[in-house]
Amino acid sequence: MTTYFQCELSQGTGRTRGYIEERGAKQGVMVEIKDAGFHGLWRVDAVADTGLSEEKMRADHAMNRNAFASIA
């Protein structure tokens, strides 16, 4: 079972959060985000203490996908 951890990520002045597989969820590691609009390597700045199973992460994502209206 794959475990994911929510991480704070940075690239230059850019900041974001995302779920990273346990193998890359280590402070200081450089990771690639496989999503449109994110290019290059991002530094892991912080890692949550508790991880989620892939099944739980995907279920939470599906349930909250449209939780916030677009501000565009």
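1. A quick word on terms before we start: contact here means heavy atoms within 4.5 Å. Please also keep in mind that this is a predicted model.

2. Let's begin with serine 10, a residue of strand S1. Leaving out residues up to four places away in sequence, serine 10 touches Arg15, Trp42, Arg43 and Asp45. One of these partners deserves a second look: the side chains of serine 10 and aspartate 45 form a polar contact at 2.7 Å.

3. Is serine 10 buried or exposed? Its relative accessibility is 4%, and because buried means under 20%, serine 10 counts as buried. You may also like to check the spacing to leucine 41: the two residues are 31 apart in sequence, while their C-alpha atoms lie 8.9 Å apart in space.

4. Next, the nonpolar core. The largest one has 9 residues in all: Phe5, Cys7, Leu9, Ile20, Ala25, Val31, Ile33, Trp42 and Val44. At least two residues of this core come from S1, and at least two from strand S4 (41-47). S1 gives the most, with 3 residues.

5. Valine 31 is a good place to see how this core is put together. Which residues does valine 31 contact, once its neighbours within four places in sequence are set aside? They are Leu9, Ile20, Gly24, Gly40, Leu41, Trp42 and Val44. Among them, Leu9, Ile20, Trp42 and Val44 are listed as members of the largest nonpolar core, as is valine 31 itself.

6. Now for the largest pocket, which holds about 570 Å³ of space. Its lining is made of 17 residues, and those nearest the centre are Tyr19, Ile20, Glu32, Ile33 and Lys34. Ile20 and Ile33 will be familiar from the largest nonpolar core, where both appear as members.

7. Where does the pocket lining come from? Strands S1 (3-11), S2 (14-21) and S3 (30-32) supply at least two lining residues each. S2 has the largest share, with 6 residues.

8. Finally, the chemistry of that lining, which may be handy as you look at the pocket on screen. Its residues divide into 8 nonpolar, 6 charged and 3 polar.

How values were computed
Residues are numbered from 1 along each chain as its sequence is written. This is a predicted model: local features need pLDDT of at least 70, side-chain atom pairs count only at pLDDT 80 or more; totals for chains, interfaces and linings use all residues. Side-chain values use heavy atoms; hydrogens and water are left out. On a 1 Å grid over the protein atoms alone, a cavity is a set of points where a 1.4 Å probe fits but cannot get out, and a pocket is an open set with protein on both sides within 12 Å along at least five of seven lines; lining residues have an atom within 4 Å of a point. Grid points are joined across faces, edges and corners, and a volume is the space filled by probe spheres set on the points. Helices (H or I, at least four residues) and strands (E, at least two) are DSSP runs, numbered from the N terminus. Ala, Val, Leu, Ile, Met, Phe, Trp, Tyr, Cys and Pro count as nonpolar, Asp, Glu, Lys and Arg as charged, and the others, Gly among them, as polar. A nonpolar core is a set of buried Ala, Val, Leu, Ile, Met, Phe, Trp, Tyr and Cys residues joined through side-chain atoms within 4.5 Å. Buried means under 20% relative accessible area, exposed over 50%, partly exposed in between (1.4 Å probe, protein chains only). A polar contact is a pair of N or O atoms within 3.5 Å; within protein, one must be able to donate a hydrogen and the other to accept it, and residues adjacent in sequence count only if both atoms are side-chain atoms.
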